[in-house]
Amino acid sequence: MIKGFSKLTKVAKIEWLVQEYFEGNEKAREILENYWHSDVKLQKLHDEFIENTISNFYLPFGVAPNFLINGKEYAVPMVTEESSVVAAAAKSAGFWYDKGGFKATVKSTTKIGHVHFTWKGDDKEGLQDFITRINDKFYSETESITKNMQKRGGGILGITLIDKTADVPNYYQLEAEFETCDSMGANFINTCLEKFADVLKTEMSNSGLNPNEVEVIMCILSNFTPKCLVRVEGSCPIEQMVEGTEMTAEAFAERFTTAVRIAETQPYRAVTHNKGIMNGIDSVILATGNDFRAIEASAHAYASKDGQYTSLTHVDMSDGQFKFWIEVPLALGTVGGITGLHPMVKFAHQLMGNPSASELMMITAAVGLAQNFSALRSLTTTGIQQGHMKMHLLNILNQLEATDQEKKIIVKYFIKNTPHHAEVVEAFKKVRGGEILS
Ligand code: MEV
């Protein structure tokens with residue numbers, strides 16, 4: 001146990017870790033220092049993002065070009081460690097480009113937060129009347145917080161009392177809806193909610209109700225954002241569903257549709273199916289400095305909103321048309337947070353023409369849909385390992401410390417066959433030993 005760790009300097013923190021967990025091995029210190037940025041100012045910026053920063057953690061920043069969304073072309077920034085993700089998104093973007101690209105609509109952008117409180121009184125109607133009476137106060141007392149948001153077209157949309165005493169004794173919610181425009185809005189919402197709680201307590205003291213009967217348990221936004229929803233669709237005549245193997249377009253479209261039906265009905269498959277979608281979505285979320293934990297939590301809650309976990313994407317084949325779409329909640333921000341701070345995040349936004357939050361919702365969902373399209377295309381045709389192992393091959397070779405020349409020979413060797421880990425190792429040993437691969 002160490003006390004006051006956060007108060008130590010970065011160097012002292014590292015010194016303690018090296019002594020305590022690496023038996024003083026200098027290599028551990030070197031690894032951390034190698035990843036420090038040479039630009040001291042930039043490093044300081046990173047140091048101050050979180051507490052106890054000792055180094056930086058790099059992830060690849062890639063780009064998937066050719067995303068045509070509502071007629072506009074994007075090169076989408078993606079941050080991920082998984083080898084095949086960017087390649088899959090780019091391949092799918094190219095496929096849909098020729099077919100008119102993706103059609104996207106933001107269905108709504110409302111966010112929700114709650115003052116969770118208990119009230120021990122029994123005049124429920126009186127409580128409702130009281131909340132109705134003080135409703136204007138919630139708005140007037142938060143004016144200094146909401147003023148700027150209102151100028152941008154946002155603010156508080158409504159506040160309702162909800163009786164939850166059937167779930168938890170004496171438990172009520174003040175449920176508030178917000179429009180937070182281009183910001184994700186967590187700080188704005190939480191600040192408003194805490195002020196609502198103050199208003200609730202103060203006004204109760206001024207009313208006939210007993211203020212001692214109310215206890216505010218917590219004030220917090222909900223990361224479940226089913227009213228902050230985007231829909232993206234790709235569609236084409238079935239005969240255009242040509243995917244590069246010998247399978248006919250109709251047969252591919254049928255197999256693909258069956259794969260989606262499986263995900264719609266089987267939670268075991270739906271989780272993996274949606275994980276693939278999140279491969280794309282999270283990559284854009286990370287690149288744009290958004291909160292991937294919030295997006296993940298909301299997406300999976302949305303996938304279970306009807307009582308069973310199901311697919312986030314859907315498909316329809318009728319009148320000779322193949323239609324594939326996603327509907328997903330995405331509470332994103334293009335201002336605030338680290339969007340104006342992290343140079344790579346700023347670059348990511350600039351690369352897409354500094355989109356509004358709604359535009360970013362459409363781009364992100366399109367990448368999720370594209371990702372799912374690529375995964376299902378591989379799964380229902382060649383199998384997933386062909387593309388996946390091709391991309392992973394370099395990781396294995398890097399682990400084996402293969403030279404560039406060895407990599408070139410081995411990648412060429414595996415161009416036609418899906419390599420397994422053991423086969424790559426064997427091929428590597430042969431090349432290293434001077435044998436010709438045949
Ligand atoms: C791997 O990261 C993602 C997939 O498993 C998604 C899927 O099965 O649909 C390929």
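User: Before we get going, what counts as a polar contact here?

Analyst: A pair of N or O atoms within 3.5 Å. Keep in mind that this is a predicted model.

User: OK. How far is the side chain of Lys275 from the ligand?

Analyst: An N or O atom in the Lys275 side chain sits 2.6 Å from a ligand oxygen. That is within 3.5 Å, so the pair counts as a polar contact.

User: And what about Glu82 and Arg269?

Analyst: Glu82 has a polar side-chain atom 2.6 Å from an oxygen of the ligand. For Arg269, the distance from a side-chain N or O atom to a ligand oxygen is 2.7 Å.

User: How much of the ligand does the protein bury?

Analyst: 83% of the 300 Å² that the ligand exposes when taken alone. The ligand takes up the space of the second largest pocket.

User: Which elements give two or more residues to the shell?

Analyst: Those are α9 (267–287) and α12 (357–379). The most comes from α9, with 6 residues.

User: Who else is around the ligand, and what's the mix by class?

Analyst: Besides the three we covered, the residues around the ligand include Thr272, His273, Asn279 and Leu379. By class, the shell has 3 nonpolar, 4 polar and 3 charged residues.

User: Switching topic: how is the protein divided into domains?

Analyst: Into domain 1 (5–47), domain 2 (63–106 + 227–382), domain 3 (111–221) and domain 4 (387–432).

User: How far apart are domain 1 and domain 3?

Analyst: Their C-alpha centres lie 45 Å apart.

Notes
Residues numbered from 1 in each chain as written. Predicted model: local features only at pLDDT ≥ 70, side-chain atom pairs only at ≥ 80, totals over all residues. Heavy atoms only, no water. Near = heavy atom within 4 Å. Polar contact = N/O pair within 3.5 Å; in protein donor to acceptor, adjacent residues only side chain to side chain. Areas by Shrake-Rupley, 256 points an atom, 1.4 Å probe, with all protein chains shown as cover. 1 Å grid on protein atoms, 1.4 Å probe; cavity = no way out; pocket = protein on both sides within 12 Å on 5 of 7 lines; lining within 4 Å. Sits in = over half its atoms within 2 Å of the grid points. Helix = DSSP H or I, 4+ residues; strand = E, 2+ residues; numbered from the N terminus. Nonpolar A, V, L, I, M, F, W, Y, C, P; charged D, E, K, R; others polar. Domains from an automatic or database assignment.
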